[in-house]
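Reader: Could you walk me through this structure, one question at a time? I would like to see the reasoning behind each answer.

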Amino acid sequence: MSRSRVLWVVGLLALGACGEDHEPREEPGNRPPPGGSNPPVTYQRSNVTGTYAVTGTLQSNAPDGSGHNIANLRDTITVSENTSGLNLLSINIASMSCGGGIRAAMNGERTFDVSGGTCPVDVESGCTASMKVNDGSGSRDAGGAFQLELRGEVSMTCGPVSSRRMFVMRLAGTSSGLSAPDTTFEKLSLGASISDTLELLSTDTGHTP
C-alpha cells in the first residue's frame, strides 16, 4: 500500500473517532441512590395500632430443648406509632415496664415484623431477670382480630449463677378495655399476666442446676 493511501486511511479513522458518541462519565456525587428515585413504601400504621385484650400461651424450654413447659396467658397489648421513622411501631405489655417498647415495623398494610426489645422481670431480692425479644410478627385483620407472636429468651442471674430459657409467646385478641384477671379462679381458667408468668418462669430458671 502506498504511503499516501495509508495516510488517507488513518485520516478516516481519526475523523470517525471524533464523531463517536461517548457515554458521560459518572461522577461519584452524581450516582443515583440505591433503589432508584422511587420513594419508600409507607403503610398506614393506624391499621394495626391500638390496645388489645389478649389471651394466649407461652411455651418455653431450656436452650438444649429439654424441660418443655406451656403456660396460659392473659394481658393487654398496646401497639403505637414510633415517630423515629417511617412504618415503625412500639409494642408495650400492660403488666410489664418495657421502656420505649418492643420494636416493630410495618411490612404490609395490616402486618408487621418484630425486631427486638428487652423488658425487666420482677424477681426475688438478690437476683435480676429480663425478657429479651429477638423477633416475631403480628397482624390485625379488617375485622379487628389481632395476633402477635414473640420469640426470645428469659434470663436470670443470682450472684455468680446465670441461666436462661427460650420462649415462644402466641397471643390473640381484639381491641378492648378489658383488664388482666385479679382472682385466683380467673388466673387458673384464663391464664395469668405475662409479668406473673415470666416471674415464675424466671424463678424456676434460676433454681435450675
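**Strands, hairpin and core**

Author: Happy to! Let us begin with a cross-strand pair: V79 stands opposite I91 in β3. Please keep in mind that this is a predicted model.

Reader: Which residue is the bridge partner of I91 in β4?

Author: Strand β3 (residues 88-93) pairs with β2 (residues 69-81) in the antiparallel sense over five bridges. With β4 (residues 102-106), β3 pairs antiparallel over four bridges. In β4, the partner of I91 is I102.

Reader: Nice. In the hairpin of β2 and β3, which residue takes a positive phi?

Author: Look at the stretch linking the two strands: the hairpin has six residues between them. The positive phi there lies near 70° and belongs to N87.

Reader: And in β2, which residue does V54 stand opposite?

Author: Strand β1 (residues 50-61) and β2 pair in the antiparallel sense over eleven bridges. Opposite V54, in β2, you will find D75.

Reader: How do the strands close up, and by what angle are neighbouring strands turned on average?

Author: Eight strands close into a barrel in the order β1-β2-β3-β4-β5-β6-β7-β8, with antiparallel pairing. Ignoring direction, neighbouring strands of this sheet are turned against each other by an average of 25°.

Reader: Which strand gives the most to the largest nonpolar core?

Author: That core has 34 residues, and I77, F112 and M131 touch the most other members. Leaving aside neighbours within four places in sequence, I77 is in contact with residues including V54, I91, F146 and L148. The strand giving the most to this core, with five residues, is β7 (residues 146-158).

Terms used. Residues numbered from 1 in each chain as written. Predicted model: local features only at pLDDT ≥ 70, side-chain atom pairs only at ≥ 80, totals over all residues. Heavy atoms only, no water. Pairing = 2+ DSSP bridges. Axes fitted to C-alpha atoms, helices over the stretch in contact; angles between N-to-C directions. Core = buried A, V, L, I, M, F, W, Y, C linked by side-chain atoms within 4.5 Å. Buried < 20%, exposed > 50% of the residue type's maximum accessible area, 1.4 Å probe, protein only. Contact = heavy atoms within 4.5 Å.
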